Amino acid sequence: MKLDRDHINPLRRRMLLGALACAAQPALAQNRAPTPPQTEGPFYPDRLPLDQDNDLTMVTGHPFPAAGEITDLTGRITDLNGKPLRGVVIEIWQVDNNGHYLHTADPGADKDANFQGYGRFETGLDGTYRFRTIKPVPYPGRTPHIHVKLQRGGRELLTTQMYVQGHPLNERDAILRGIHDAQQRASVLVPFLPSRERPAELTARFDIVLGITPVS
């Protein structure tokens, strides 16, 4: 017997609506937490280097690589639904292996002249990026971290920081601890693993989820 929709009683109708809502939950669960914003800090380079490519381990005109654990840092930039974002300029900056920034306020006599200290990369259709850099090291008051800034079309989208997963100083770092959402905090903790392609080097992957949809 075919049931007329108008003869379904209100209770059963509510049950059907509830079932439909539950069925939609897996799709919603696929959305990831947005990467949390973090402070830019006082050491964004005040004089950008002439060499601004995505390989921070080699400086143009210098015959030797940077000191430290060489790392291939990769990732993908997406929106909340996992859609890759093209044309996003990602900048990174960090201290050298001796704990010094590329900044005139951090002159350090032992600054590594072979470390670029800053790099940039623009994403393509798949939203991926790639850098060669070094595993970050601690300096007084901070756990190891890499600063990250995203821009598109001259508009700043996000400034954040990524951290070394499992580092003992993480629990004492005030800026990292300022991320109160557990999922967001986990999203900026990145494992640095031995490279399969280059045994003496490391790999790290930091995927970034924007909580806004950048204007094209």
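Are Y44 and W93 buried or exposed? In this predicted model, Y44 is buried, and W93 is buried as well, and I would like to start from that pair before turning to the pockets.

The ring centres of Y44 and W93 lie 4.8 Å apart with the planes at 85 degrees, and since planes over 60 degrees apart count as edge-to-face, that is the class of this pair. Y44 sits in the loop between α1 (10-29) and β1, whereas W93 belongs to strand β2 (residues 89-93), so the contact ties together parts that are 49 residues apart in sequence.

Y44 also pairs edge-to-face with Y118, at 6.3 Å centre to centre and 85 degrees between the planes. Because Y118 lies in strand β3 (residues 118-122), this pair links the loop between α1 and β1 to a part 74 residues away in sequence. Y118 is buried, with a relative accessible area of 0%, and over the face of Y44 we find K149, at 4.4 Å from the ring centre. Elsewhere, F43, Y101 and Y139 form one aromatic cluster.

Let me now move to the pockets. The largest has a volume of about 220 Å³, and its lining includes D72, T74, R130 and E197. Two elements, β1 (70-78) and β9 (202-205), each give two or more residues to this lining, with β9 giving the most, 3 residues. By character, the lining of the largest pocket divides into 3 nonpolar, 3 polar and 6 charged residues.

The second largest pocket, with a volume of about 160 Å³, is lined by residues including R32, Q183, F206 and D207, and its lining divides into 3 nonpolar, 3 polar and 3 charged residues.

Methods
Residues numbered from 1 in each chain as written. Predicted model: local features only at pLDDT ≥ 70, side-chain atom pairs only at ≥ 80, totals over all residues. Heavy atoms only, no water. 1 Å grid on protein atoms, 1.4 Å probe; cavity = no way out; pocket = protein on both sides within 12 Å on 5 of 7 lines; lining within 4 Å. Points joined across faces, edges and corners; volume = space filled by probe spheres on them. Helix = DSSP H or I, 4+ residues; strand = E, 2+ residues; numbered from the N terminus. Nonpolar A, V, L, I, M, F, W, Y, C, P; charged D, E, K, R; others polar. Phe/Tyr/Trp six-rings, centres within 6.5 Å; stacked < 30°, edge-to-face > 60°. Buried < 20%, exposed > 50% of the residue type's maximum accessible area, 1.4 Å probe, protein only. Lys NZ or Arg CZ within 6 Å of the ring centre and 35° of its normal.
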